[in-house]
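Colleague: I am new to this structure and would like a close look at a single part, the place where the ligand sits. Please set that part in the context of the whole chain as well.

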Amino acid sequence: MTSSAELIELSERRSAHNYHPLPVVIHEAHGSWVTDVEGKRYLDCLAGYSSLNFGHGHPKIIEAAQEQLKNLTLTSRAFHHDQFARFCAGLGDLTGKDLVLPMNTGAEAVETAIKVARKWGYQVKGVEPGLANIIVMEGNFHGRTTTIISFSTDSDARDDFGPYTPGFRVVRYGSTEAIREAIDANTVAVLVEPIQGEAGVIVPPDGYLSEVRALCSAERILMIADEIQSGLGRTGQTFACNHEGVVPDIYVLGKALGGGVVPVSAIAADRDVLEVIRPGQHGSTFGGNPLACAVGIAVIDLLNTGEFQARAAKLGEVLHARLRELVGRGVLEVRGRGLWAGIDIDPELATGRQVTEALMERGVLAKDTHGSTIRLAPPIVVPEEDLIWAIDQLGAAISSF
Ligand SMILES: *Cc1c(COP(=O)(O)O)cnc(C)c1O
C-alpha cells in the first residue's frame, strides 16, 4: 500500500489548496475510531463537522444504504420514487413542520431558505419588489456559495469573491437589540445559527433565541434557524432551538442528516411559508434522491428513539466538567452545549494548529478554528472512557508546550 507521505505529497501536488488537512491519511473507520493507511488508530473528535453524529458506519444506516443501492439510486424529481414520501413525512414529523424541501449540501439548503424567505416576503408579506432584506449575524457560517459568502464577516471566506449579493444586514450575534435596530418594513427574515459552530462554538446568551423568536413573530419576519451543525442530537436535544423551547419558521438541516454516507440537506417549514415555491421555481437534480432519502429515513428513525439526544446530553456533562478543569492550565475559556465544545487555547502558549498536531500524535483527531480555538465534537456513539481518554490527551498535549 502507498504510504501516507506519498499520498499527502500527491494530493499537495494535484489538488487545490483550499484546505490545510492534518497529515493523516485515513483508510477506514468504525464508530468513533478511524485507522490510517499505516494502521495507526485515532479517536475522531471532529466527526465530519458533526456529519458523523451516529458514528462511522452505523449498522442501521449502512444497512439502509446497502438495501437501497440494490434497488434504486437515482430518478431525478421528474418522477416519484418510493423513498421520497416517507423521508419528507418523517422529517416533517421530526421538525413538527408541514412541508420539507430536500437538497444535498448545507449551503444549498441555506440558499433554499433565503429564496423561500424572499419570495414569501414579496408574495405574502407584501415587501416592495426587489427590496427584501435578511438580517444575519457577525461571525456567521452558512456555507460557501457566492450569495452566502456575500454576508460572511470572515475575510478569508469573502475577500476577492465579489461582486456580492445585496440584501443582507449583518448585526452582532447574541444581541436582540441589534436585530431590532436593523429591522425595517422590507425585512423578511432573521437567519441565525442557534450556536455558532465555525466561529468557535459560540453559545448566545440565555434567552436570546426566545427573544429573537418573539421579535420575529411581532414584526412578521421569518426566523430561520441554521441547525446544520447544531441540530440532530449534537447538543443533547434534537435541535439546539429546543433548549429554549423555540420553534423557528424554517429549519435548515444538513450534515448528520446524511448519516455520514451521502450529502443530504433540507429545509422544513409550514405550508404558509414553503408553499410559495411552485414547480420550476427551485430544485436540484440530486435533491431527495432515493439513496439520500433511504439514508435520511434511517437517520430520522435513530433520532426518533431519543437515545442519541440523551447520550449527547449525558456525555456532554462529562466533557464540559473535565474541560473546565483545564481552564487556567493553558486554556482560557471553554464553551459549548452537549457533546460539542470550543476550547480557547492561550495564544501565548501555542496555536490551535500546534495543539491539534500534538493531539494527532497522541491519537486524537480534532480541528482548530480561528487561530487558537480547538473544536471537539466526537460521534455521539463514543464510549465514555474513550471520551475521557481524549480529554486527558488534550490536557497532556497542552502541557507539552
Ligand atoms: C457546514 C455548515 C453549512 C454548510 O454546509 P455544506 O454541506 O458544507 O455546504 C452551513 N451552515 C452551518 C451552520 C454549517 O455548519
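Modeller: What follows takes the ligand site, then the whole protein, then three single residues.

This is a predicted model, in which local features need pLDDT of at least 70 and side-chain atom pairs count only at pLDDT 80 or more, while totals for chains, interfaces and linings use all residues. Residues are numbered from 1 along each chain as its sequence is written, and side-chain values use heavy atoms, with hydrogens and water left out.

The ligand is surrounded by T105, G106, A107, F141, H142, G143, E193, D226, I228, Q229 and K255; a residue is near a molecule if one of its heavy atoms lies within 4 Å of it. This shell divides into 3 nonpolar, 5 polar and 3 charged residues. In that count Ala, Val, Leu, Ile, Met, Phe, Trp, Tyr, Cys and Pro are nonpolar, Asp, Glu, Lys and Arg are charged, and the others, Gly among them, are polar.

Polar contacts to the ligand (pairs of N or O atoms within 3.5 Å; within protein, one must be able to donate a hydrogen and the other to accept it, and residues adjacent in sequence count only if both atoms are side-chain atoms) involve both backbone and side chain. A polar backbone atom of G106 is 2.8 Å from an oxygen atom of the ligand, and a polar backbone atom of A107 is also 2.8 Å from a ligand oxygen. From K255 a polar side-chain atom lies 2.6 Å from an oxygen atom of the ligand. The ligand taken alone exposes 380 Å², and the protein buries 81% of that. Accessible areas come from the Shrake-Rupley method with a 1.4 Å probe; for residues, only the protein chains shown count as cover.

Now the whole protein. It has 14 helices and 15 strands; helices (H or I, at least four residues) and strands (E, at least two) are DSSP runs, numbered from the N terminus. Its radius of gyration is 21 Å, close to the 21 Å that the globule rule gives for 401 residues, so the protein is as compact as a globular protein of that length. The radius is taken over C-alpha atoms, and the rule is 2.2 Å times the number of residues to the power 0.38. Along the principal axes, the C-alpha atoms fill a box of roughly 60 × 50 × 45 Å. Of the 401 residues, 55% are buried, where buried means under 20% relative accessible area, exposed over 50%, and partly exposed in between (1.4 Å probe, protein chains only).

Three residues follow. A225 belongs to strand β8 (residues 222-226) and is buried, at a relative accessible area of 0%. Apart from neighbours within four places in sequence, A225 is in contact (heavy atoms within 4.5 Å) with V192, P194, C241, P248, I250, Y251 and V252.

H81 sits in the loop between α3 (59-71) and α4 (84-95) and is buried, with a relative accessible area of 10%. Its side chain reaches the backbone nitrogen of Q83 at 3.1 Å and the backbone oxygen of G288 at 2.7 Å.

S175 lies in the loop between β6 (168-171) and α8 (176-182) and counts as buried at 9% relative accessibility. A polar side-chain atom of S175 lies 2.9 Å from the backbone nitrogen of A178.
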